[in-house]
Every structure is written in C-alpha cells, then in structure tokens.
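Colleague: Got a minute to go through this one with me? I'd like to hear the reasoning behind the labels.

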Amino acid sequence: MEGFGFQVEVKRTDRKKSASIALVGTLVKISVPKGLTDSLIRDLIIKRSPWIKKKLREQSLRPTFKPKKYVNGETVHYLGEDYCLQVVAGDQASIQIVDRYLVVTVLHCEKDEEQRVRLLLEGWYQGQAFLKLKERTESFTKIIGVTPKSVKVKNYKSRWGSCSISGEITYNWRIVLAPHRVIDYVVVHELCHLLEHNHSARYWRHVEQYAPDWKICRKWLRHHQQMLGIGN
Ligand SMILES: [Zn+2]
C-alpha cells in the first residue's frame, strides 16, 4: 500500500480479531483480520499515522550501531575515551596506546587478521579491566568499610556485575570501556550489596552516599549498552 509517506506492508490473517501495527526498521507492518477491506485499512493507517510518524522520527534520531570491525580506522573505546584502531604487523603481538591511537600489533602473515585483532583486544581489555576494577574496589572497600570475599572479571552478556550472598564480586570486563565515574558507580553498586543484598530504598541510600551521581551513571550505562556490547 502506498501514498502515506512511509512504506507499508499489509498482512491479512485469520488469527487476528483486531489490527496491529509494528515497525520493522523503516517498514510499517500491519496485520489485519482477513475480511478488512482496503479502504478500511487505509482509514486505519491514516488514523494511526501520527503515531507511526512519531515512532519513525524517534527511530531516525537514535544512533545506529554497526557491529565493530577490527580494522584500521575503527573507533574503539577505553575508559570513556575514543581511540582510533591501528593494526600493524610485527614480530610480537602487543597493544599500546599512542596518543589517540590504540595500536594493535599482530604477527606477520596471519590469516583471519580481524579475528586475531578482536581476540587480542578483548584479552587486553580483560586484563586492564581486572587491574582497574581491583584497584577501584580496594579503594572503595576502605571508604565503605566492607570486605568482598573475591574480585573477578568475567564475560557477562547482559549485566555489569554481580555480588553473591557470600560476598564474591564479579564485574563485566566491558565496563573498562566506560568513563571513570561510571566504573566507580558499578564498583560502589556491587560493594553496597555487601551492606544490603537487594535494591531497596535503604540500599540506594548507601549508593547515594558513595556515588552521588549514580543516577547519571545508570542512565549512561543504559544508553551505551549497545556500544559496550551488552544486550545485543
Ligand atoms: Zn544490584
């Protein structure tokens, strides 16, 4: 169906008693009961078009996230800063930060270079994450007056960290991509679970005390989930 200023795909189905509209990218998919006539469908689209246009507008304003390519010139993140990835070949694999560049050296003549770069980089991030998070945890441990049983980093797919009942704290290594204040918030969040093993008002009062900007940090995390490779 045409003439609405957006692309529409109509599906008639037996299983539907009423119409439903869904946006798949910029395509507007409409499912309607089988008997609905074209003109009634048109009326329906016209009636719902302010909503559809609003959704399409919101969608176009949202940044689109392309999967990372581990090649020269890609933007990579570390401690809240953007770096330009530079891949060079050498005799020894290594990773270095030089000015605004994150230089990944891979061995000569390797196949699947992009994959090698990704693995090297992730391994490096995990090592850096462990050092950084351990250091921040130790310093907040003294301030808050709690003692975690252990501190680890892990490859979580959908969370920033966890604190077990017995006091083992595990962080997502990806948090090392975030700015320092956000890292501190995640550390405070987990350490405060040693005081309150829940998300009660009392718990958030503890968090507020040690990370007064926790709301901003939480919002930052929510907005950058995809950039950090969470919840994809
Ligand atoms: Zn929590």
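What follows is a short chat about a predicted model.

Colleague: Why is Val207 called buried?

Modeller: The cut-off is 20 or more other C-beta atoms within 10 Å. Val207 has 22 such neighbours, so Val207 counts as buried.

Colleague: Where does Val207 sit, and what does Val207 touch?

Modeller: Val207 belongs to helix 4, residues 201–210. Leaving out residues up to four places away in sequence, Val207 touches Val188, His189, Cys192 and Trp214. As for Val187, that residue is 20 positions from Val207 in sequence, with 9.9 Å between the C-alpha atoms.

Colleague: OK, on to the sheet. What makes strand 8 and strand 9 edge strands?

Modeller: The sheet is open, with three strands in the order 8-10-9 and mixed pairing. Strand 8 (150–154) and strand 9 (161–163) each pair on one side only, which puts them at the edges. From one strand to the next, the twist averages 15°.

Colleague: How do you know that strand 9 and strand 10 count as paired?

Modeller: Pairing takes at least two bridges. Strand 9 and strand 10 (residues 168–172) have three, in the antiparallel sense, so they count as paired. Cys163 stands opposite Ile169 in strand 10.

Colleague: Which helix packs on the sheet against strand 9 and strand 10?

Modeller: That's helix 3 (residues 180–192), whose direction makes about 20° with that of strand 9. Helix 2 (residues 113–144) lies across strand 8 and strand 10, at about 150° to strand 8.

Technical notes: Residues numbered from 1 in each chain as written. Predicted model: local features only at pLDDT ≥ 70, side-chain atom pairs only at ≥ 80, totals over all residues. Helix = DSSP H or I, 4+ residues; strand = E, 2+ residues; numbered from the N terminus. Buried ≥ 20, exposed ≤ 12 C-beta atoms within 10 Å, placed from the backbone. Contact = placed C-beta atoms within 7 Å. Axes fitted to C-alpha atoms, helices over the stretch in contact; angles between N-to-C directions.
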